[in-house]
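Visitor: I should like to look closely at one part of this protein chain, namely its nonpolar core. Please explain which residues form it and how the surroundings compare.

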Amino acid sequence: MATMRDVAERANVSIATVSFVVNDTKPVSPATRARIVAAMKDLNYQRNVVARALASHRTRIIALLYPALDHRAGPTIMKFITKAASVAQERGYDF
């Protein structure tokens with residue numbers, strides 16, 4: 001699995017600059033951003049959700065508890081769960 005360090009080395013930038021692009025926290029020139037994005041694609045870089053949660057003290061995970069043993073998950077419940085997962089993902093959460 002590729003790390004931010006691997007991406008930084010491939011793009012010839014600092015790890016901090018890669019972090020700025022990944023987290024969209026500070027402006028980065030379009031040319032530098034393009035190099036970083038290309039390096040991320042080449043290396044198949046995936047964000048480390050656990051590392052991000054540790055650094056930010058937030059997991060961005062939403063859990064849904066449903067008494068499945070007592071009730072069958074019919075079409076209405078499945079529609080609700082699917083929509084909830086979709087909206088959570090749009091807003092940057094894992095469901």
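Guide: The following account begins with the whole chain, turns to the core, and ends at the surface.

The model is predicted, so local features need pLDDT of at least 70 and side-chain atom pairs count only at pLDDT 80 or more, while totals for chains, interfaces and linings use all residues. Residues are numbered from 1 along each chain as its sequence is written, and side-chain values use heavy atoms, with hydrogens and water left out.

The chain has 5 helices and 0 strands, in the order α-α-α-α-α along the sequence. Helices here are DSSP runs (H or I) of at least four residues, and strands are runs (E) of at least two, numbered from the N terminus. The C-alpha atoms fill a box of roughly 55 × 25 × 25 Å along the principal axes. The radius of gyration is 18 Å, whereas a compact globule of 95 residues would have one near 12 Å; this quantity is taken over C-alpha atoms, and the globule rule is 2.2 Å times the number of residues to the power 0.38.

Of the 95 residues, 18% count as buried. Buried means under 20% relative accessible area, exposed means over 50%, and partly exposed lies in between (1.4 Å probe, protein chains only).

The largest nonpolar core has 13 residues. Such a core is a set of buried Ala, Val, Leu, Ile, Met, Phe, Trp, Tyr and Cys residues joined through side-chain atoms within 4.5 Å. The members that touch the most others are Val-7, Val-13, Val-18, Ile-36, Met-40 and Tyr-45. At least two residues of this core come from each of helix H1 (4-11), helix H2 (15-23) and helix H3 (30-43).

Val-7 may serve as an example. Beyond its neighbours within four places in sequence, Val-7 is in contact with Val-18, Ile-36, Ala-39, Met-40, Leu-43 and Tyr-45; contact means heavy atoms within 4.5 Å.

Thr-17 lies in helix H2. Thr-17 counts as buried because its relative accessible area is 18%. Setting aside neighbours within four places in sequence, Thr-17 is in contact with Val-28, Thr-32 and Ile-36.

A further part to consider is Ile-62, in the loop between helix H4 (49-56) and helix H5 (75-90). With a relative accessible area of 35%, Ile-62 is partly exposed.
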